[in-house]
Amino acid sequence: MPQLSHFGSFQGQDLFECQLRSENGVIIKVINFGAIIRDWQVPTRQGDLRSVVLGFEQLEDYVEHSPFFGAIVGRVANRVGKARFSVDGKEFVLPPNEGQNQLHGGTETFARKVWKMEPISDHSMAKSSNPCAVRLFLESRDGEGAYPGNFRVTVTYRLTGNKLRMAEKDGREDVNKRRQEREKKKRMEEGKERMDGREEEDGRREGTNGWKRGRGWKKGRNEWMEERKRMEEEDGGRKGGG
């Protein structure tokens, strides 16, 4: 069963740590500041526990010193060159935080947000007799960090035995909808043009030889039969003359 404890506060919001423990003795600690995996302890042959990830004991160290240790970053992971990009022909300029670039979402990165946390203990989630998980939610509004559109993300950490599985689900609104519709329409039109071209070409070249019948199949069949008849007549004439 996940264990929840208080982990301080950030900008007036309470923070919590959820401890996941598997039947094998593995312990993972997740905080809802940045959805950070703060600690991951595994049992050794000597019977004690050893941490295998980098992390801090105090919230203040994450706020002041952490280079994204164990965190979920966003909206963009890695760099946005020159801190700008375009959507539908409109340019968006972001606040840079690494020279002229923006790294991991800038000052409004998901790694410095307070996520909603929901411990889970549901035996239907895994084959293990003692599944243990925590789910975190975050919503980023249109214009936050100078990014367009609303964005929702859910992250689930699930510990079973010695394995930690992470599942992410994001929901993008507004930003990609028109672009996705436009790209889908373009792909459909291009696919139709290629198919029409192939069917017409196949009909002209192959006629009745088992290829898919396109719009040019009938014309191609007639041309093929006429050409075959002409070749047979020429061949018969050569044999008769011989």
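1. The largest cavity is lined by G74, R75, G105, E108, F110, S140, E144 and Y147. By type, that lining divides into two nonpolar, three polar and three charged residues. The volume of the largest cavity is about 40 Å³. Searching the whole structure for cavities of 30 Å³ or more turns up one. Note that the model is predicted.

2. S140, one of the lining residues, falls within strand β11, which spans residues 132–140. Strand β11 pairs with β12. The sense is antiparallel, and the pairing runs over nine bridges. One pair can be checked by eye: L136 has V155 in β12 as its bridge partner.

3. Is strand β12 enclosed or open? The strand covers residues 151–160, and seven of its ten residues are buried. Strand β12 is therefore largely enclosed by the rest of the structure.

4. Turn next to Q41. This residue sits in strand β4, residues 36–43. Its relative accessibility is 15%. Q41 counts as buried because buried means under 20%.

5. What does the side chain of Q41 meet? A polar contact links it to the side chain of D39, at 2.6 Å. Beyond four places in sequence, Q41 is in contact with two stretches of the chain. One set comprises G25, V26, I27 and K29, and the other L49, R50 and S51.

Conventions. Residues numbered from 1 in each chain as written. Predicted model: local features only at pLDDT ≥ 70, side-chain atom pairs only at ≥ 80, totals over all residues. Heavy atoms only, no water. Helix = DSSP H or I, 4+ residues; strand = E, 2+ residues; numbered from the N terminus. Buried < 20%, exposed > 50% of the residue type's maximum accessible area, 1.4 Å probe, protein only. Polar contact = N/O pair within 3.5 Å; in protein donor to acceptor, adjacent residues only side chain to side chain. Contact = heavy atoms within 4.5 Å. 1 Å grid on protein atoms, 1.4 Å probe; cavity = no way out; pocket = protein on both sides within 12 Å on 5 of 7 lines; lining within 4 Å. Points joined across faces, edges and corners; volume = space filled by probe spheres on them. Nonpolar A, V, L, I, M, F, W, Y, C, P; charged D, E, K, R; others polar. Pairing = 2+ DSSP bridges.
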